[in-house]
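Student: Please take me through the labels used for this model. I want to see how each one is earned.

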Amino acid sequence: MKIASKYFKKIAFLLLLMPLLLGACHNTNDRKERVIGLSQHTMGDQWRKAMVRDMQAAVSNYDDLRLEIRDAENDPQKQVAQIRELINQDVDVLVVSPIDSVAVIDVVEEARRKGIPTIITDRKINTEEYTTFIGGDNYEIGRKAGKAAAPYAERDTLQVAEIWGLASSTPAQERHRGFADELRELGITVITDSIQGSWRQDSTLLHLPELKHPERYRVVYSHNDVMAMATADYLRNVRAGADSSLFVIGVDAVPEAGLEAVADGRIDLSFLYPTAGEEIVRLSDELLNGDSIPRQIELPTVGIDKASAQNMLSLYERLQAYQNNLLLKKERNDLLLSRFRFLENSLTVILLLCLVLIALSLYIWRINKQVRIQNHALQEKNRIEEEQSRKLSQLNREIEEATAAKLRFFTNLSHEIRTPLTLVMAPLRKLLQETQNTPYYKELALMERNARRLLSEVNRMLDFRKIEEGAEVLECEEVAVELLMQELKSYFDGLATLNAIHYTFSFGTEGGDSAEQNPTPPVRIDPHKMENVVRNLLSNAFKFTPRGGTISFDVRQTPSQLEIRIADTGSGIPAEMQQQVFERFYSAGKSHTGSGIGLYLVGKYVALHGGTVRVESEPDRFTRFIVTIPLPVSCGTDRSQSVAETMPDAADGYQLTPEKGEMLTQLLATKQAYSVLIVEDDPEIRNYLYENLGESFTVHQASNVDEAMRVLDKTAVSLVLSDVMMSGENGFELCERIKQDVNYAHIPVILLTALSMEEQQLYGFAVGADGYITKPFSVAYVKMRIIRLLQEKQKERERLMARFEQGERVVAEAPPGVDDQFLARLYEILEEVYTDSHYNVERLSDRMGMSRGHLYRKVKEITGLSPVEFLRMFRLKKARRLLQETHSHVSEVAYATGFSSPAYFSKCYKNAFGTTPSGD
Ligand code: FRU
């Protein structure tokens, strides 16, 4: 992240820099522009327009020159202001074409002071503070005009009308002077009539009437063509053809004005007055290049007569076309140039972008490289971590597997212990009952107590397994806590006396009242798990408290919580171990023996109740366990809903009333008319059961499933009592085989096993088991279960029979049980065949698909009658109904119901119903 942001900063910087780089690039392409500022005092005539055109044409030859033009519109003040504007714009060269010789003096000097090169053109000014002057040689024009006018002198006298340009401007002054000088030198006297035309047509037209002798003039000398044309028109009109020898001289010979006038004869002679436009631009360039240039440049001039004017005009037209062509080409060039510039700029931009791209690529490449390196490092780190966690989880798995294997081992071991314990406890209890008033009773009671303790240890192992598998749930009941706690307390009274321990118990309620006055309400908790908690804590206390020590057991019940405190003055638990005591396999030091699961179970059972348990201890002083259960406890399953039928244990506190005990003894002492098949692979248990159950039933035995099936095949069995865990096929499989075989499906099966897991019991029921008894068991209980089950079966059958007896056709609605279907089928066949006196049991067993033996046992088991008797009874009941409903003759009824002789029918009828068929 850090590196990425560093690079992002660099890239952003580069991107910011880009416009600057592009700008720089653009500037290197464009050389600095140079500006020529032109101040024209007017643009109102063709000569001035030609001058500007010439300058523009010249400027266009330079890439870096630009012309900035100001038109003062013949206003001297405006011209001054405009020149100042150009100065302020920092033009590189200032060109002034002044209106007269004085108006702009100050501002031109100002430009000079500011170091701006200044070119004065056409008209001179009365100051030396400019860089150079350039213009036509006006004096020479005057002289040439004089020379051309001379031939029109008559007797050395020449009558001239002189039309002046602005008298304050130098071209007017010089043109006059040259003219006068030339004629004087030629010895001609000049009689001049002059007016002020001020270079303009309007002004000339205004002053023309001032000419005193229009008819006398032989020559009109006008300082420019504009004024010459106006004067010529005027005079020719005024003189009205009187004398045509008027020679008109003008100046400028500019196309679209004077040149056309010369060509068409309105003016006789003109002088090409150079605009100097091209030269001004060249001079400007030289000035800006630092070249030295002359202070004054006066350009030569030529006279233009009609012929040369016409030539010039045609040349001009061609020139014009050529110029237009050039202009078009220039425009095209400009366009191409601008495209080129654009491409050039684009190329530069593209190149720059490429550069940026390359730079970016380099950065990205570097970032990538670094990221790759970091990724690689990260991957390596991850790989190592994964490897470590893989190893760890492998280790964990191995540990889990080892733990599970140990657990399995201990569980199996516990089951193994429980089986012989059954064999020890059951006869012990029997002996205890029989030796109540003998000297052996005490020893036997001790043995029984210790066997029970052993059993509770084993159960604890199994509880542990259940907790570990997450299979443990609360089985709550309404419990009178005080009574339960008192009883639990009493279990350790003997031990307290034996070890001379001061052992106290107290039970308190919210207000501290005695429970006798105000009985505390029962609380819904799991009494067995709570017993487990208290027993573990108490036995722990007794284990670690030396002789003469103190153990206190205090219970406090309030509506919102139950608190149990068990404190001892034993060896105590070091502070650093106090957190671990509730962990699995914790054992308080090497010197202490124990499974290390007692406190673990305490923690788990308390947590199941939603409570907490904590320990306070000081080594060699005291240890105090405090269990807090918030009330009410949210209970999962209700004990009363449990499907398991476990043997009630004396330790659970269930005691028979004397009356019930008596009833039970009597029932068990009576030999029942049932036969029971015991299936058990352990010979000792099998024998034990065989002997004990033999007191009440006819018993058969088998040590495995196959043997059991053989017994069933041969013998009539009322009930099968089978162990689940057997070598070879197990009890579940036997149960399944019995329940799926129509020959035996009626026989109830009770599974007898050490397994007490709920799901295994459920599995037993799923395969059709009728009952389930877990070891250790008492024989009396087993007997009771057998008797009750068989009695219930008997009642069920009687109910079913009764329905058939009433003649109900129950085939279609027969319940799905194998026996019910068997009976339904039997009745169906009998309905069909009872009228046939030859129909016998062989045919019936064929039709039912059973051997005669099986049919016999099945029918006998279900109906209490042999198949022959049952068939006979069926016929007799049909006959009785016929007799009652039809008043038929006895012999008819006898034959109709399948009896071969009426006499035999009557005999059987009397035996069955106590009366003869005829009602005697
Ligand atoms: C144009 C003009 C020309 C003349 C020149 C003298 O404005 O009047 O006709 O030759 O100026 O400055």
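**Labels and their cut-offs**

Tutor: Helix 5 and helix 6 are oblique to each other. Keep in mind that this is a predicted model: local features need pLDDT of at least 70, side-chain atom pairs count only at pLDDT 80 or more, and totals for chains, interfaces and linings use all residues. Residues are numbered from 1 along each chain as its sequence is written, and side-chain values use heavy atoms, with hydrogens and water left out.

Student: What makes helix 5 and helix 6 oblique?

Tutor: Helix 5 (residues 138-149) and helix 6 (residues 170-185) pack at about 40 degrees, with axes 6 Å apart. Axes are lines fitted to C-alpha atoms, for helices over the stretch in contact, and angles run from 0 to 180 degrees between N-to-C directions. Under 35 degrees counts as roughly parallel, over 145 as roughly antiparallel, 65 to 115 as roughly perpendicular, and the rest as oblique. The angle of about 40 degrees falls in the rest, so the pair is oblique.

Student: What is the handedness of the crossing of helix 5 and helix 6?

Tutor: Right-handed. That word applies if the near helix is turned clockwise from the far one by less than a right angle; anticlockwise would be left-handed.

Student: Which classes of residue make the contact of helix 5 with helix 6?

Tutor: Contact means heavy atoms within 4.5 Å. The residues include Tyr139, Ile141 and Arg143 of helix 5, and Glu174, Phe179 and Asp181 of helix 6. By class, there are 7 nonpolar, 4 polar and 8 charged residues. Ala, Val, Leu, Ile, Met, Phe, Trp, Tyr, Cys and Pro count as nonpolar, Asp, Glu, Lys and Arg as charged, and the others, Gly among them, as polar.

Student: How do you know how helix 19 is oriented to helix 20?

Tutor: The axes of helix 19 (residues 705-714) and helix 20 (residues 731-740) come within 10 Å and cross at roughly 30 degrees. That makes them roughly parallel. Their crossing is right-handed. Among the contact residues are Val705, Met709 and Leu712 of helix 19, and Leu734 and Ile738 of helix 20. The contact holds 6 nonpolar, no polar and 2 charged residues.

Student: What makes something a helix or a strand?

Tutor: Both are DSSP runs, numbered from the N terminus: H or I of at least four residues for helices, E of at least two for strands.

Student: What makes strand 2 and strand 11 edge strands?

Tutor: Six strands, in the order 2-1-3-4-5-11, form an open sheet with parallel pairing. Strand 2 (65-71) and strand 11 (296-299) each pair on one side only. The twist averages 15 degrees from one strand to the next.

Student: How do you know that strand 3 pairs with strand 4?

Tutor: Pairing needs at least two DSSP bridges between the strands. Strand 3 (residues 93-97) and strand 4 (residues 118-121) have 3 bridges, so they meet the rule, and they run parallel. Leucine 94 stands opposite threonine 118 in strand 4.

Student: Why is threonine 132 called buried?

Tutor: Buried means under 20% relative accessible area, exposed over 50%, and partly exposed in between (1.4 Å probe, protein chains only). Threonine 132 has 0%, so it is buried. This residue is in strand 5 (residues 132-136). Beyond its neighbours within four places in sequence, its contacts include Thr118, Ile119, Leu283 and Ile293. Threonine 132 and isoleucine 119 are 13 residues apart in sequence, yet 5.1 Å apart in space, C-alpha to C-alpha.

Student: Which side chains of strand 18 are buried?

Tutor: In strand 18 (residues 612-618), Val613, Val615 and Ser617 point to one face and are buried. Thr612, Arg614, Glu616 and Glu618 point to the other and are not. In a regular strand the side chains alternate between the two faces of the sheet.

Student: What joins strand 18 to strand 19?

Tutor: Strand 18 pairs with strand 19 (residues 622-630) over 7 bridges, in the antiparallel sense. Serine 617 stands opposite threonine 623 in strand 19. The two strands form a hairpin with 3 residues between them, and aspartate 620 in the turn has a positive phi of about 65 degrees.

Student: How does helix 18 run relative to strand 22?

Tutor: Helix 18 (residues 683-694) runs at about 170 degrees to strand 22. That is over 145, so the two are roughly antiparallel.
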